[in-house]
Amino acid sequence: MSTTSRGPGRARQEKIYREGVFGRVPAVPTDFATLEARAQKASTPTGWAYVAGGAGEGRTMRNNRAAFDRWAIVPRMAHGNTTRDLSLDLLGSHLPAPVLLAPVGAGALMAEDSDLKIARGAAANGVPYVFSNQGCNPMEDCAAEMGDTPRWVQLYWSTDEGLVDSMIQRAEALGAGALVVTLDTTLLGWRPMDLNIGSLPFSRGQGIAQYTSDPRFMEIVRERVAAAAGAAKESTEVTLGAIRTLLSMTRNHPGSFGANLRSPEPRAAVETFLDIYSNPGLSWDHLATLRERTKLPVVLKGILHPDDATRAFDSGVDAIIVSNHGGRQVDNAIASLDALIAVREAVGDEPTVLLDSGIRTGADVFTALAHGADAVLLGRPYMYGLALAGERGVTEVVANVIAELDLTMALSGAADLASITRDRLVENPSVR
Ligand code: FNR
């Protein structure tokens with residue numbers, strides 16, 4: 001992609017304009033505001049609340065965007081470069097562009113077989129997809145869609161250590177390029193958009209496919225079912241909502257619908273998931289065990305404080321992702337771009353530092369790289385592409401961001417990623 005003389009930016013523009021001659025337009029809008037508005041129209045209220053919603057008053061999401069607005073790119077002229085190289089080496093893989101797809105759970109709220117479509121969209125662009133631990137398709141099935149394109153696996157630290165090991169073994173077996181441990185979701189944040197409609201996808205069995213496909217998890221579920229068989233039955237109020245929830249759990253559980261309907265397993269799986277998926281007591285002592293538990297590169301996601309970044313690298317991890325989980329955990333938390341600046345300052349140039357939360361455009365990627373990110377992760381934008389046009393929507397959103405990054409580099413005089421340095425930015429004089 002990066003080695004063609006036209007580069008991905010011109011190639012994408014030319015494709016769109018050529019199609020336009022025949023009256024055809026792109027599958028998804030090429031600007032984020034229209035993409036978001038159209039995705040909202042295409043989504044159910046529960047789907048939209050979960051994907052677009054944030055913690056509390058939504059201030060962290062706004063902080064994420066405001067932080068990008070506070071910096072301006074100062075393009076340089078007459079640089080004479082006709083080609084750009086967007087490629088990089090990241091944890092042992094050569095990537096065509098500094099973009100990965102972030103782990104996003106419960107994607108089936110936006111489209112059926114969400115994670116398979118996302119996997120294909122990532123592979124179409126040759127960029128890694130980080131499989132969510134709360135995905136809607138088993139990670140092995142997603143890997144099978146990706147050919148040689150790198151795939152990483154994200155893990156929430158369960159209270160069951162056997163389950164942690166089982167997930168790690170599965171990541172190794174499918175050839176993951178890295179194990180990403182997310183630190184910021186030991187509990188769910190206070191999310192009013194979901195709370196106001198009483199909606200949690202997991203309680204309907206959506207987003208637990210990594211668990212119901214896991215041998216250790218299903219062992220725990222069966223133990224619980226056996227233990228409950230002897231105990232007095234809990235009576236459940238039968239409402240329309242309860243019936244819908246039961247049907248959703250039944251549909252989302254592996255196996256035939258008919259057999260699931262008669263089995264206590266689907267409900268037990270949901271309850272077990274809610275009980276054990278995450279460990280609120282997660283500490284550096286847990287993380288210290290990772291080095292003996294896997295040979296995969298280890299990446300810690302959700303770092304915001306420079307001291308946590310330093311501690312992470314001291315503990316031997318291979319990379320960190322500076323992230324506030326897209327503003328979904330703590331309201332009025334520091335913008336991830338602001339955190340990146342302090343983190344890079346603390347850890348120096350060498351360690352691998354990625355960024356997510358608030359990346360919407362190619363110009364944002366440029367700004368993040370100029371502040372010292374090695375690469376970025378896209379989250380909601382590709383989910384909105386998925387909502388509008390499935391696999392093609394994901395493919396186009398990612399291609400558009402990479403295209404705009406390439407054009408921003410071309411028009412600013414940056415021939416490669418190493419030349420996207422801090423001195424290409426100024427504090428935006430137009431924003432006070
Ligand atoms: C997420 N994110 C997330 N992170 C993670 O490590 N595991 C997960 O399962 C999820 N699930 C999830 C669901 C939804 C609907 C969203 C929007 C996000 C966080 C994700 O990886 C990333 O940090 C954010 O999406 C980045 O913020 P923006 O750029 O999407 O606003």
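**A tour of the boundary between two domains**

Begin by colouring the protein according to its domain assignment, which gives domain 1 as residues 27–193 together with 279–427, and domain 2 as residues 209–276. Please bear in mind throughout that this is a predicted model.

Next, display the C-alpha atoms of each domain. The centres of domain 1 and domain 2, taken over these atoms, lie 32 Å apart.

Now select the residues at which the two domains touch. On one side, 17 residues of domain 1 take part, and they are in contact with 12 residues of domain 2. About 1100 Å² is buried between domain 1 and domain 2, and carbon and sulfur atoms give 49% of that area. Which three residues of domain 1 should be selected for their share of the area buried against domain 2? They are D160, L163 and R170, which supply 34% of what domain 1 buries there, more than any other three residues.

Keep R170 selected and add D214. These residues form a salt bridge, with the closest N and O atoms 3.1 Å apart. The count of salt bridges between domain 1 and domain 2 is 2. Polar contacts may be displayed as well: 12 residue pairs, both members at pLDDT 80 or more, are in polar contact between domain 1 and domain 2.

Finally, select helix α7, residues 161–173. With 5 residues, helix α7 provides the largest share of the side of domain 1 that touches domain 2. Colouring that side by class shows 6 nonpolar, 9 polar and 2 charged residues.

Methods:
Residues numbered from 1 in each chain as written. Predicted model: local features only at pLDDT ≥ 70, side-chain atom pairs only at ≥ 80, totals over all residues. Heavy atoms only, no water. Domains from an automatic or database assignment. Contact = heavy atoms within 4.5 Å. Buried area = accessible area lost by both parts, 1.4 Å probe. Salt bridge = Lys/Arg side-chain N within 4 Å of Asp/Glu carboxyl O. Polar contact = N/O pair within 3.5 Å; in protein donor to acceptor, adjacent residues only side chain to side chain. Helix = DSSP H or I, 4+ residues; strand = E, 2+ residues; numbered from the N terminus. Nonpolar A, V, L, I, M, F, W, Y, C, P; charged D, E, K, R; others polar.
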